[in-house]
Number of protein chains: 2
Amino acid sequence: MRVVITGGAGFLGRRLARAIVERGHLRDATGAQREVSEVVLADVAAAEGLDDPRVRPMAGDVADPAFVAAAIGGDTDSVFHLAAVVSGEAEANFDLGWRVNVDATRHLLERCRALARPPKVVFTSSVAVFGGALPDVVPDNQALTPQSSYGAQKAVGELLVHDYTRKGFLDGRSLRLPTVSVRPGKPNKAASSFASGILREPLAGVEATCPVPAETRMWLLSPRLVIENLLLGHETPAATLTQGRSVNVPGISVTVGGMVDALRRVAGDAAAARVRFAPDPAIERIVRTWPRDFDPAYGRSLGMRADADFDAIVRQYVDDELRR
Amino acid sequence: MRVVITGGAGFLGRRLARAIVERGHLRDATGAQREVSEVVLADVAAAEGLDDPRVRPMAGDVADPAFVAAAIGGDTDSVFHLAAVVSGEAEANFDLGWRVNVDATRHLLERCRALARPPKVVFTSSVAVFGGALPDVVPDNQALTPQSSYGAQKAVGELLVHDYTRKGFLDGRSLRLPTVSVRPGKPNKAASSFASGILREPLAGVEATCPVPAETRMWLLSPRLVIENLLLGHETPAATLTQGRSVNVPGISVTVGGMVDALRRVAGDAAAARVRFAPDPAIERIVRTWPRDFDPAYGRSLGMRADADFDAIVRQYVDDELRR
């Protein structure tokens, strides 16, 4: 079993690779459980910090078809396509966003289609495909009305995955991930970067700025459950995907104020006091268009699940990233 | 006022050009009514049969950015983007469909965006963006779930038009046209071609084959009202488009049997007897995924309208195409 992860040097890519090699086996396109022999981490920079002989970093541009062809060899069984230009950057740089989030996705699907034995493809989509006037709780059949370029690009990616799958070119699955919190490391250009920053920075003794009001409600999932649900989305037999190839991944609906309260409960008043609210209209405008809550019945029926509450998410970060 | 119509040599393109030069004026991007000085008909073949000095045919490939740049000069005020690979052909030739229906649309939008004074863009989308398990009457907020490559490609086109408009690159409008009936001329590779053929051929004394059962319900609009609604979609001020840039254009919901009944009432038993039912699974599979009826409240609120009934549609064809 040979697996390729695009965006593999990123936080989620590396965690996914680690989970795959620890697990040791995955279900291939025929439904058979097979031993994992190699996990290729394709990304702009070579992935670091994964000390396993089965993990092979490959540096290159996923928007370059030659690199994608090299990474996705004819013996590839599964592709997790995580590489993307994040929301804030896609909004600031329109052309880069369409090139990487759409053109590269299409090249990747073309590459898979061209192989004699096309791999299974798991595409990470986003709740940003929804936007505008939304119900308080978004149902599975909600229309895609993105209000950001990132959301529009992910919606196009889903349409591609759906059509390639419908035509029998490959077996694709699009998983709409909630905002991932708490991400370790540095802030990034995602409009949702603060949803990790307001936990991570205070826990490190550093002040954090929250660019949206405390009452802003978000749809969140921890890194551990993102990985668990990505693997579940991969393992689910095609016959089980009776409601289409796009799945709203479960999450929890929490206000930013509620996130800070959880931080206070887990790490104390001093940590919570390090969060400063300073509205940023550009970020607020993007975040305000995102859905705040879902009824992810389809995803749940596939066995996907969310964290118990945000306290559990904060504790998970402390366990996974600070206690190591 | 300089107007470019892609697919301009086609039946709708020529009718639209005729309507524009007869009308003589259109509202430009600033909202001002301006005299029409030129209508460029860009298409693979030079348009014929339009004897007006303001109409200029241009032959070329809309999937070729150089041709699009030549057709859409810096002085272009409005573009009607009608050119497309039709549904049956897009299903049979996957790569051609994505190249023409998506890549060419994106190149066209890029060309418009690059101009100092970007033109208004009217994009013809289709009810094929809907599909699968649909309510009997499709509401305006129905999710886009295309079940054909053509529908997926039109959905991507709408996402592009929406995002270019949202970013302020141009003023775009996507009009989801019902199946157009009765089209004159020869059958084409659209899966819906029979929806004209079963009227047109019998009226010319020729037998016609209907590839779907008589109880198949379709969403239809006559050529005259397609043109009227396209012009209305163009003229509507941007401020009026409060529910987004994609509009379900009104139509009427009629079964194929009802269409033949109308033919009988307008042209007699002999004409109706020329329709032979012979199921074609490939056509049936595509048509069955299309919506059968709509509540096009948004389109109606913009002033768009449908034919009174299918008898009126048959009579219109007799008046417009057979009595000339």
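**Close-up views of a predicted two-chain model**

**Figure 1. Overall architecture of chain A.** Chain A comprises 12 helices and 14 strands. The coordinates shown here and in the following views are those of a predicted model. Along the principal axes, the C-alpha atoms of chain A occupy a box of roughly 60 × 45 × 35 Å. The radius of gyration of chain A is 19 Å, which agrees with the value near 20 Å expected for a compact globule of 324 residues.

**Figure 2. Burial and contact range within chain A.** Of the 324 residues in chain A, 51% are buried. Contacts between residues at least 6 apart in the sequence of chain A were also sorted by separation: 76% of them join residues at least 24 apart.

**Figure 3. Contact between chain A and chain B.** On the side of chain A, 13 residues are in contact with 13 residues of chain B. Helix 5 of chain A (residues 149-166) supplies the largest share of the chain A side, namely seven residues. Sorted by class, the chain A side of this contact holds seven nonpolar, four polar and two charged residues. Of the interface residues of chain A, 100% are also interface residues in chain B, so the two copies meet through the same surface.

**Figure 4. Symmetry relating the two copies.** A turn of 180 degrees with a shift of 0.0 Å along the axis lays chain A on chain B, with an RMSD of 0.0 Å. The copies are therefore related as by a two-fold rotation axis. Within chain A, the C-alpha nearest this axis belongs to Ala143(A), at 1.8 Å from it.

**Figure 5. The surroundings of Ala128(B).** Ala128(B) lies in the loop of chain B between strand 7 (120-126) and helix 5 (149-166). This residue is buried, because 29 other C-beta atoms lie within 10 Å of its own, whereas 20 would suffice for that class. Beyond its neighbours within four places in sequence, Ala128(B) is in contact with Ser87(B), Pro146(B), Ser148(B), Tyr150(B), Gly151(B), Lys154(B) and Trp290(B).

**Figure 6. Ala128(B) and Arg23(B) in one view.** In sequence, Ala128(B) and Arg23(B) are 105 residues apart. The spatial separation of Ala128(B) and Arg23(B), taken from C-alpha to C-alpha, is 31 Å. Ala128(B) marks the loop between strand 7 and helix 5 of chain B in this view.

Notes. Residues numbered from 1 in each chain as written. Chains lettered and ligands numbered in written order. Predicted model: local features only at pLDDT ≥ 70, side-chain atom pairs only at ≥ 80, totals over all residues. Helix = DSSP H or I, 4+ residues; strand = E, 2+ residues; numbered from the N terminus. Buried ≥ 20, exposed ≤ 12 C-beta atoms within 10 Å, placed from the backbone. Contact = placed C-beta atoms within 7 Å. Nonpolar A, V, L, I, M, F, W, Y, C, P; charged D, E, K, R; others polar. Least-squares fit on C-alpha atoms with pLDDT ≥ 70 in both. Rg over C-alpha atoms; globule rule 2.2 N^0.38 Å.
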